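Colleague: Could you take a close look at one part of this model for me? I'd like to hear about a single helix and what surrounds it.

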Amino acid sequence: MTHNYNITGMTCNGCVTNVKSGLLKASHVILADVQLASPQAVITMDQHIATHVLQQAIGTKYTITEAAPHIPEAAIAATDEIDSYYPIYLIYGYISGVTLLTHSVKGFDWMQWMNSFMAGIFLVFSFFKILNLKGFAQGYSTYDVVARKIPVYGYLYPFIELLLGVAFLTGFQPLLINIATLTVMVVSTIGVVQSLLKKQILNCVCLGTIMKLPLSKVTLYENLLMVVMSIIMILTLTGII
């Protein structure tokens with residue numbers, strides 16, 4: 001096993017030699033790489049050694065402390081993304097749970113569940129967008145292909161979602177509504193994909209401006225989920241599957 005340690009008190013190469021020599025004399029130490037520039041030591045051992053034992057090995061002139069483990073940037077980014085999108089996961093979790101519970105009681109049917117799920121998503125997301133309509137429209141125009149060319153579309157989009165949500169909730173013209181949903185979500189997905197490919201740093205306004213969320217693959221997955229569900233419902237309603 002290998003551990004990283006910070007060492008203070010070293011001022012020259014002679015100090016490095018003294019510290020390395022002391023560490024190598026400690027029981028269970030196999031290798032010790034000591035650097036002055038850092039200053040730190042990378043110690044390979046055949047079993048864990050308490051820090052106070054290593055301290056005794058190098059003497060009181062120097063101080064050795066265990067360094068915090070290195071966390072890869074990819075892991076940090078992944079954690080940041082999870083934290084940033086926590087409200088999204090929470091909303092999807094709540095709507096999924098409530099709709100699954102409701103339809104399980106009545107006798108579960110996948111089509112009815114997807115219908116209720118999409119109604120919940122559209123109604124909740126449109127609510128957050130309408131809270132700051134102008135802010136949403138401005139943010140949406142930074143990555144949506146239609147809102148960028150026709151700014152008024154950014155003001156209309158939350159109400160389009162609202163109408164879709166009401167239509168799903170009431171069962172109004174299911175085939176027509178799913179075709180409309182597919183069209184709207186595909187167009188929205190195009191803008192997200194373009195921005196991701198350009199690696200643009202933008203805010204996702206799927207929950208309006210009340211929460212600052214980064215535009216990322218999570219945004220893409222949100223859209224694709226609705227696209228897939230609408231396709232399944234269209235194929236089912238037309239008798240293809």
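Modeller: Happy to, and let's take helix H8, which gives the most to the nonpolar patch, with three residues. This is a predicted model, so a word on confidence comes before the details. The chain has a mean pLDDT of 87, with 93% of its residues at 70 or more. Among the chain's elements, H8 (residues 152–170) has the highest mean pLDDT, 96, while helix H3 (residues 73–84) has the lowest, 49. I would keep H3 out of the discussion: over residues 73–80 pLDDT stays under 50, and the model has one contact beyond four places in sequence for that stretch.

Back to the patch. Ile130, Phe159, Leu162 and Val166 make up this nonpolar surface area of about 270 Å². Leu162 has its place in H8. Its relative accessible area is 31%; because that lies between the 20% and 50% cut-offs, Leu162 counts as partly exposed. As a general point, an α-helix has 3.6 residues a turn, so residues three or four places apart point the same way.

H8 also takes part in covering other residues. In helix H6 (residues 133–140), Gly135, Phe136, Ala137, Gly139 and Tyr140 are buried, and their cover includes H8 along with helix H5 (110–131), helix H7 (145–149) and helix H9 (174–197).

H5 brings us to one last residue, Asn115, which is found in that helix. Asn115 is buried, with a relative accessible area of 16%. Beyond its neighbours within four places in sequence, Asn115 is in contact with Phe168 and Met233.

Methods
Residues numbered from 1 in each chain as written. Predicted model: local features only at pLDDT ≥ 70, side-chain atom pairs only at ≥ 80, totals over all residues. Heavy atoms only, no water. pLDDT = per-residue confidence, 0-100. Helix = DSSP H or I, 4+ residues; strand = E, 2+ residues; numbered from the N terminus. Contact = heavy atoms within 4.5 Å. Patch = residues over 30% accessible without salt bridge, like charges linked within 9 Å, V, L, I, M, F, W, Y side chains within 5 Å. Areas by Shrake-Rupley, 256 points an atom, 1.4 Å probe, with all protein chains shown as cover. Salt bridge = Lys/Arg side-chain N within 4 Å of Asp/Glu carboxyl O. Buried < 20%, exposed > 50% of the residue type's maximum accessible area, 1.4 Å probe, protein only.
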